[in-house]
Amino acid sequence: MVERRRRSVRTALVGEALRAALAGRAGLDIVDLGGGTGGFAVPLAVEGHRVTVVDPSPDALASLERRARDEGVSELIRGVQGDAAELPGLAGESSADAVLCHGVLEVVDDPVQALQAMASVLREGGVLSLLVAQRNAVVLARALAGHLAEARIALQDPDGRWGATDPMPRRFDEAGITGQLADAGFKVQTVHGVRTFADLVPSAFVDSEPGAADSLAELERAASRHPAFRALATQLHILATH
């Protein structure tokens, strides 16, 4: 129950910002790169959009198919096995009004190439919803856990990693990722901090205190655009146009 509440808080801001970016536009063609089991794709299909999910995992795509069937939107969702490097060939160039890339740029072989592939898939004026892990948060987390040497390594490492056993291949800072987006031809519209407090507030409090989850969501929403707090968020959510 606690983890479900935390997931809701963590994803609420991303969903709200995405819905606002797509508001007033019906029946869009959307590509969800790394969309897995359809956490975003299925709700978008329920709203009437056509969604192509590109994901390397056949198991995830099978779950996507079941989820879409259960929600009655199978005709609006297409699952395709593949990765970022194959995106233009799988989805088609200039085929999408929006591309979602949530938690994928950290693990691709070449982030610059991946952004270029996403740009090629978007139609003129199309929207990119990009969610990436932020370096500053892991520096703070390692320091608070008492791993001071690892915090210093993460602060200085080009990929924001705290050591050889760090499971995350790379993390980004705001200046770096917005620069890469500009190089790929994107214009950044908004930047939000995501999970500024959600990973720090004790689980016992969220579980036991009435209204705590709602209060946490409101706090996250209020802090998401504040530059000082955005710099400490676990993730950055960027909306950009091409």
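**Group meeting: a seven-stranded sheet and what surrounds it**

Okay, let's start with the sheet: seven strands form an open sheet with mixed pairing, in the order β3-β2-β1-β4-β5-β7-β6. Strands here are DSSP runs of E, at least two residues, and helices are runs of H or I, at least four, numbered from the N terminus. Two strands pair if DSSP finds at least two bridges between them. At the edges sit β3 (77-81) and β6 (187-194), each pairing on one side only. From one strand to the next, the twist averages 15°.

Quick housekeeping: this is a predicted model, where local features need pLDDT of at least 70 and side-chain atom pairs count only at pLDDT 80 or more, while totals for chains, interfaces and linings use all residues. Residues are numbered from 1 along each chain as its sequence is written, and side-chain values use heavy atoms, leaving out hydrogens and water.

Now, zoom in on β4 (residues 96-102) and β5 (residues 122-133): they're parallel, with six bridges. One of the partnerships is Ala-96 with Leu-122 in β5. Helix α5 (residues 111-121) lies across β1 (29-33), β4 and β5, at about 145° to β5. That angle is between N-to-C directions, on a scale from 0 to 180 degrees, with axes fitted to C-alpha atoms, for helices over the stretch in contact; contact means heavy atoms within 4.5 Å.

Zooming out, the chain has eleven helices and seven strands. How much of the chain is buried? Buried residues are 46% of the 242, where buried means under 20% relative accessible area with a 1.4 Å probe, counting protein chains only. And the C-alpha trace spans about 50 × 45 × 35 Å along its principal axes.

How values were computed: Buried means under 20% relative accessible area, exposed over 50%, partly exposed in between (1.4 Å probe, protein chains only).
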